[in-house]
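User: Could you walk me through a pocket and a helix here, and tell me how each label is earned?

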Amino acid sequence: MRNNRFLTWIAAVALLLAAAQAHAILPIQHWQTTSGARVYFVENRGLPMFDLAVEFPAGAGYDTSDKSGAASMTSQMLRLGAGGMSENEIALRLADVGAQLSPRFDTDRAGLALRTLSSAPERRQALDIFVRILQRPEFPETVLEREKVRLVSALKEADTKPETIAALTFYRLVYRQHPYALRSSGEVDTVSGLARQDLVDFYRRHYVAQRAVVAIIGDLSRDEAAAIAEEATAGLPRSDAAESSLPAVVALTAGSTRFIAHPASQSHILIGAPGMRRDDPDYFPLFVGNYVLGGGGFVSRLVEEVRQKRGLAYSAYSYFSPLQRRGPFVIGLQTKREQAPEALAVVQKTLRDFVVNGPTATELTAAKQNIIGGFPLRIDSNRKIHEYLALIGFYRLPLSYLDDFVKNVERVTVADIKSAFALRIDPDNLVTIVVAADEEVK
């Protein structure tokens, strides 16, 4: 037993040292372009390539109810015709130099990412295409109509599935009139009504140079990165208008439950409420605490209570999705419909006990070890570090975010977790959705 404990301690120390070495060699450089875009750069000469992303506050949260889906469609259409090139020409020219282009889109953010070789000929061609797409999108009518037909068909199919019904109902009840309640892809009727001018207007309003965040990592000097950032943002739209800001999320003042009939053999259960912002001062207590509650997979308390002890579901999970405003806290599971009432009661009791008492000291220690031990895997490639760069830049997190990650996890206490959960999660004021219930109750 002592040998096992000693080996565990040695492994933990080794992982801590690995983490320290991994992020100590990744200094983040930061500056602004002449157009006002914020740039975040990490020089890494390990491979002859680099990653570039330009992102904007232009995610689904900036949609309106009557134009829901405009943000997503604008992002999708950027690379389907731009700067005098068709979508096929864009794809062929990128393939010629082995470059990869991908959209970036979520609730808060939208933009474009490029991975390419750093050698001059390949870099020049890939950047030329990237700049055309980002700064001169054409939003061709024929392509838009094709994409609308494709998306409407996918939405109609998705709307028959219990997981879709559960998620849509959940977000509508949690966020009500807030833009976070809107479906990121849009609805059948709003997508069908989108016109080219809607995308042009959305692009001009939100893809603005002064609000751009540029993330670059790879085989480049500071001067080369600066030149690329200038080129990528110089021709973007400009605006003197104040930056659009998302409204604050209103806390739930009462719980609500919906039982929705569906022929599926498995009941889909979602429970939750508004959770935390990305810059929440209690981010790490909530993050570490949730690992114990339902974020740690088979070592989490929800899995222990729901699966291991009672066999009510294969898995149960929980997570916080931090956003610019309070993103959702979600608990989810699937179970046989006849077991849904029992599974729901177990989850509710488990959550209530956790909010009141927090994790045990043993659970907290194990969670910290697992999170810290896995930290090197979070930054073991340029692609992963690049995603963090964009995250740090967009949400204006400290440049030392990666350097401080392990220390911030280590300092979390049981009292911190109890306090953080008590402030944000009220077991009596949660939205509960059960799809494929035996009886429908609204």
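User: Which residues lie nearest the centre of the largest pocket, and how many line it?

Analyst: Tyr171, Tyr180, Leu182, Arg183 and Ser184 lie nearest the centre, among 24 lining residues. Lining means having an atom within 4 Å of a pocket point; a pocket is an open set of points on a 1 Å grid over the protein atoms alone, where a 1.4 Å probe fits, with protein on both sides within 12 Å along at least five of seven lines. This is a predicted model, where local features need pLDDT of at least 70 and side-chain atom pairs 80 or more, while totals for linings use all residues. Numbering runs from 1 along each chain, and side-chain values use heavy atoms.

User: Which element gives the most to that lining?

Analyst: α6 does, with six residues; β11 (316-320) and β12 (328-336) also give two or more. Helices (H or I, at least four residues) and strands (E, at least two) are DSSP runs, numbered from the N terminus.

User: What is the expected span of α12?

Analyst: It is 26 Å, and the helix (residues 340-357, 18 in number) reaches 26 Å from its first C-alpha to its last. The expected span is 1.5 Å times one less than the number of residues.

User: Why are the buried residues of α12 said to line one face?

Analyst: Including Ala340, Leu344, Val347 and Phe354, these are buried (under 20% relative accessible area). They fall within an arc of 160° seen down the axis, so they line one face; the arc is that of directions from the axis to the C-beta atoms. On the other side, Pro341, Lys349 and Val356 are exposed (over 50%).

Note on methods:
Buried means under 20% relative accessible area, exposed over 50%, partly exposed in between (1.4 Å probe, protein chains only).
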